[in-house]
Amino acid sequence: MASSPDQTHFITTTHRSSLLFSLFLAPYLLSIVASASHLYSGVEDEKGVRTNLFPEVLRDEAVARLVELGKVSDVDGYLERTFFSPASIRAGNLIRGWMEEAGLQTWVDQMGNVHGRAKGKNESEKALLIGSHLDTVIDAGIFDGALGIISAISALKVLHISRELEKLKRPIEVIAFSDEEGVRFQSTFLGSAAISGVLPVSALQMPDKSGVTVQNVLKDNSIEISGEGLFALKYDPESIWGYVEAHIEQGPVLESAGLPLGIVKGIAGQTRLKVTVRGSQGHAGTVPMSMRQDSMAAAAELIVLLESLCKHPDNFLSLDGQCERSMMESLTGSLVCTVGEISCWPSASNVIPGETTFTIDIRAMDDLGRQAIIYELSNRMHQICDRRSVSCVIERKHEANAVGCDNGLSSQLKSAALSAMKRISGEVVEDAPVLMSGAGHDAMAMSHLTKVGMIFVRCRGGVSHSPAEHVSNDDVWAAGLAILSFLESQL
């Protein structure tokens, strides 16, 4: 049957359209699909190793989010976010949104910790926890804590986009802990200690400087929690496979080595003390110097004692035997002591202070050595106070033993870090530095629940707890890529 002119025109037009599609549109669309596949699924080298670096997510977006989070503050002019403050709640909501964008199921627990969980292909498997803290010190930098949270979310977002999140062999849970710094209540790890089950019920009654307790703060945010409720936050150790944390180094070693990433071998033990010296308040112009019971002058002598003891512990401690010598070597290399806060009453220029209070932070890798320092310090402080006819009360506000990172986890993290550095630089990095951490981290609290491992990220000049704190965009990228490489081992 012959075609009509209209039919012939239709067939010719359709053929031309098909030809145009084949010649021009199809290759264009295929190129778009190929580009998307390259961006999110990665390409493989001859050994089947992914070579895609995902800079759009792991670097550009991650840096933008760190900057955005760094603007969420309780004060104008500098960064400050403390436990359950308005800025802390806003930051938690922001982080929760990013978690959901990465395909995670989210919730906030009764201590303000923000959780995001990927079920993986076997929800009954033990879960891997990855986290860091969303709170800050006063006048903080934007990377401390936040980098570990954002790097983990970014790595999981890559897996979500590439449709591999559901292929994980175990659940992965990112946790943004509500309080690690301990600024508001002078007690660190409120968030992670609750999850690991080591936060005592008495912590709910700790007051801040205004007399508001932890329980008051929670109640003001419509959270009613009792001792039983606090214990209910504890994770079952049998349900957890391990905990991993990426954190800025807060020291100069990586920068000196010229490498963006290092592996943490262990975390120094820490003691926080509050010292209250009480003397006799009096007129600055009428009380003779020989008759004064000046609490501030006494406190000054105590602080100088602390500095001398921590600079030269061997001049104060008398130790015998190989064990003691090993402890002294550890103290000489790791002991640090700080007075970070001091106040007096009535704090007037023409009044002899009747009461002076200051804090002491003591850290060392050797727990027995740290306790020996505290014992010696306490004895000598009381002797000075007795000589000056003032009273001296020393309170322990925080105690955390040194923590060793798990060898198996550290080995896996080291492989992931080396892989990330190679993928970015294109050069083989022979080894990653292994460091001890003088700073406390949530991993210390989480070690009571499960095995822990940490990656350190280079920061400029080793500066932290300061607006000058800085991590380069490429080092943020390296951190995210290392976490991604580690997660790929869980596929």
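## A salt bridge across the chain

At 41% relative accessibility, D431 falls in the partly exposed class. This is a predicted model, and in it the side chain of D431 meets that of K414 in a salt bridge, 2.7 Å from N to O. The two partners come from distant parts of the chain: K414 sits in helix α12 (residues 407–425), while D431 is in the loop between α12 and β15 (434–437), 17 residues away. K414 is partly exposed too, with a relative accessible area of 25%.

Elsewhere, salt bridges with shared partners tie E61, R65, E101 and K157 into one network. The whole structure holds 24 salt bridges.

## Two pairs within helices

Helix α11 (residues 367–387) has a salt bridge of its own, between R370 and D367, at 2.8 Å from N to O. These two are three residues apart, so about one helical turn separates them. Buried or exposed, where does R370 fall? With 0% relative accessibility, R370 counts as buried, because the cut-off for that class is under 20%. Its partner D367 is partly exposed, with a relative accessible area of 22%.

Over in helix α9 (residues 295–311), K311 and E307 lie four residues apart, or about one turn of the helix. They form a salt bridge as well, and their closest N and O atoms are 3.6 Å apart. K311 is exposed, with a relative accessible area of 57%, whereas E307 is partly exposed at 45%.

## The largest pocket

Now for the empty space. The largest pocket takes in about 1400 Å³. Its lining runs to 47 residues, and the ones closest to the centre are G182, V183, Q186, R272 and E341. By type, the lining splits into 20 polar, 14 nonpolar and 13 charged residues.

Which strands supply at least two residues each to that lining? Those are β7 (269–278), β9 (336–338), β10 (342–345) and β12 (355–364). The most comes from β12, which gives six residues.

## β7 and its neighbours

Strand β7, one of those pocket-lining strands, is mostly covered: eight of its ten residues are buried. It pairs with β12 in the antiparallel sense, over ten bridges. In that pairing T271 has I362 of β12 as its bridge partner.

β7 also pairs with strand β13 (residues 391–400), again antiparallel, this time over nine bridges. Here Q270 is matched with A400 in β13 as its bridge partner. As a general point, side chains in a regular strand alternate between the two faces of the sheet.

Technical notes:
Residues are numbered from 1 along each chain as its sequence is written. This is a predicted model: local features need pLDDT of at least 70, side-chain atom pairs count only at pLDDT 80 or more; totals for chains, interfaces and linings use all residues. Side-chain values use heavy atoms; hydrogens and water are left out. On a 1 Å grid over the protein atoms alone, a cavity is a set of points where a 1.4 Å probe fits but cannot get out, and a pocket is an open set with protein on both sides within 12 Å along at least five of seven lines; lining residues have an atom within 4 Å of a point. Grid points are joined across faces, edges and corners, and a volume is the space filled by probe spheres set on the points. Ala, Val, Leu, Ile, Met, Phe, Trp, Tyr, Cys and Pro count as nonpolar, Asp, Glu, Lys and Arg as charged, and the others, Gly among them, as polar. Buried means under 20% relative accessible area, exposed over 50%, partly exposed in between (1.4 Å probe, protein chains only). Two strands pair if DSSP finds at least two bridges between them. A salt bridge is a side-chain nitrogen of Lys or Arg within 4 Å of a carboxyl oxygen of Asp or Glu.
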